[in-house]
Amino acid sequence: MAAAAMAALSSAAEAQQTQVTITSDKPLPPSEHCLGSDALQAAKDLYLHHYEFAVGDPAKSEGLLDPRLGDRLAKNFACEKDGVCAIETDTWTGAQDGAVAEPITITLAKDASADGITDVKVRFAFTFALEGEKPEPESAILEFARGGDGQCWKLLDMTSATGDSLLQQLIDYQKNP
């Protein structure tokens, strides 16, 4: 009975939180092998502690990625040993140059067709900073999946600020390398 009450309170608290803001003066402690059971905090943790999850050794992202994405990234990593493969730009910005800059706001996506228990979309809004250019507001969409209420969210896909789906890039490249 107590476990059911705690799960209901956890779900209610998660449903009430609709926005998280990242500021450099409020760091989030890293969690090992889990992005968390709150989708907004999962997006924040992914950005702060696992920004380069899509490049390099897939072992560093163990437990953070849905297997559908993790398996594709592992294949891409094997390909990268011979050069650049499917990923040629920053997965967050979609650009080869420039960077994510504050202010950064993370909200549940209004167009999310999620049931809120096993999948959800989060909008990661940021300022895109490119040297010599006026900073511009941009956003990426992060799609998370999990096995059930209270379990850790895992990244399933990311649509960069330029509209490119990471998962689709990997699928397309691996069909026709």
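Is Arg146 buried or exposed, and what is its relative accessible area? In this predicted model, Arg146 is buried, with a relative accessible area of 8%. That value can be read against the cut-off, because buried means under 20% relative accessible area.

Arg146 also leads into the charged contacts of the structure. Side chains of opposite charge can pair when their charged atoms come close. Two salt bridges are found here. In one of them, Arg146 is joined to Asp149, with 3.3 Å between the closest N and O atoms. Asp149 is partly exposed, at 40% relative accessibility, whereas its partner Arg146 is buried. A salt bridge also brings together the side chains of Asp66 and Arg68, at 2.7 Å from N to O. Here Asp66 counts as buried, with a relative accessibility of 9%.

The aromatic residues add a further part to the picture. A pair of aromatic rings is described by the distance of the centres and the angle of the planes. The count of aromatic pairs comes to six. One of these is the tilted pair of Tyr47 and Phe124, 5.1 Å centre to centre with 45° between the planes. Tyr47 belongs to helix α2 (residues 39-49) and Phe124 to strand β3 (residues 119-129), so this pair ties together parts that are 77 residues apart in sequence. Both rings sit on buried residues: Tyr47 has 15% relative accessibility and Phe124 has 0%. Phe124 also forms a tilted pair with Phe126, at 5.8 Å centre to centre and 45° between the planes. Phe126 is buried too, at 2% relative accessibility. Through ring pairs, Tyr47, Tyr51, Trp92, Phe124 and Phe126 are linked into a cluster.

Technical notes
Residues are numbered from 1 along each chain as its sequence is written. This is a predicted model: local features need pLDDT of at least 70, side-chain atom pairs count only at pLDDT 80 or more; totals for chains, interfaces and linings use all residues. Side-chain values use heavy atoms; hydrogens and water are left out. A salt bridge is a side-chain nitrogen of Lys or Arg within 4 Å of a carboxyl oxygen of Asp or Glu. Buried means under 20% relative accessible area, exposed over 50%, partly exposed in between (1.4 Å probe, protein chains only). Rings of Phe, Tyr and Trp (its six-membered ring) pair if their centres lie within 6.5 Å; planes under 30 degrees apart count as stacked, over 60 as edge-to-face and the rest as tilted. Helices (H or I, at least four residues) and strands (E, at least two) are DSSP runs, numbered from the N terminus.
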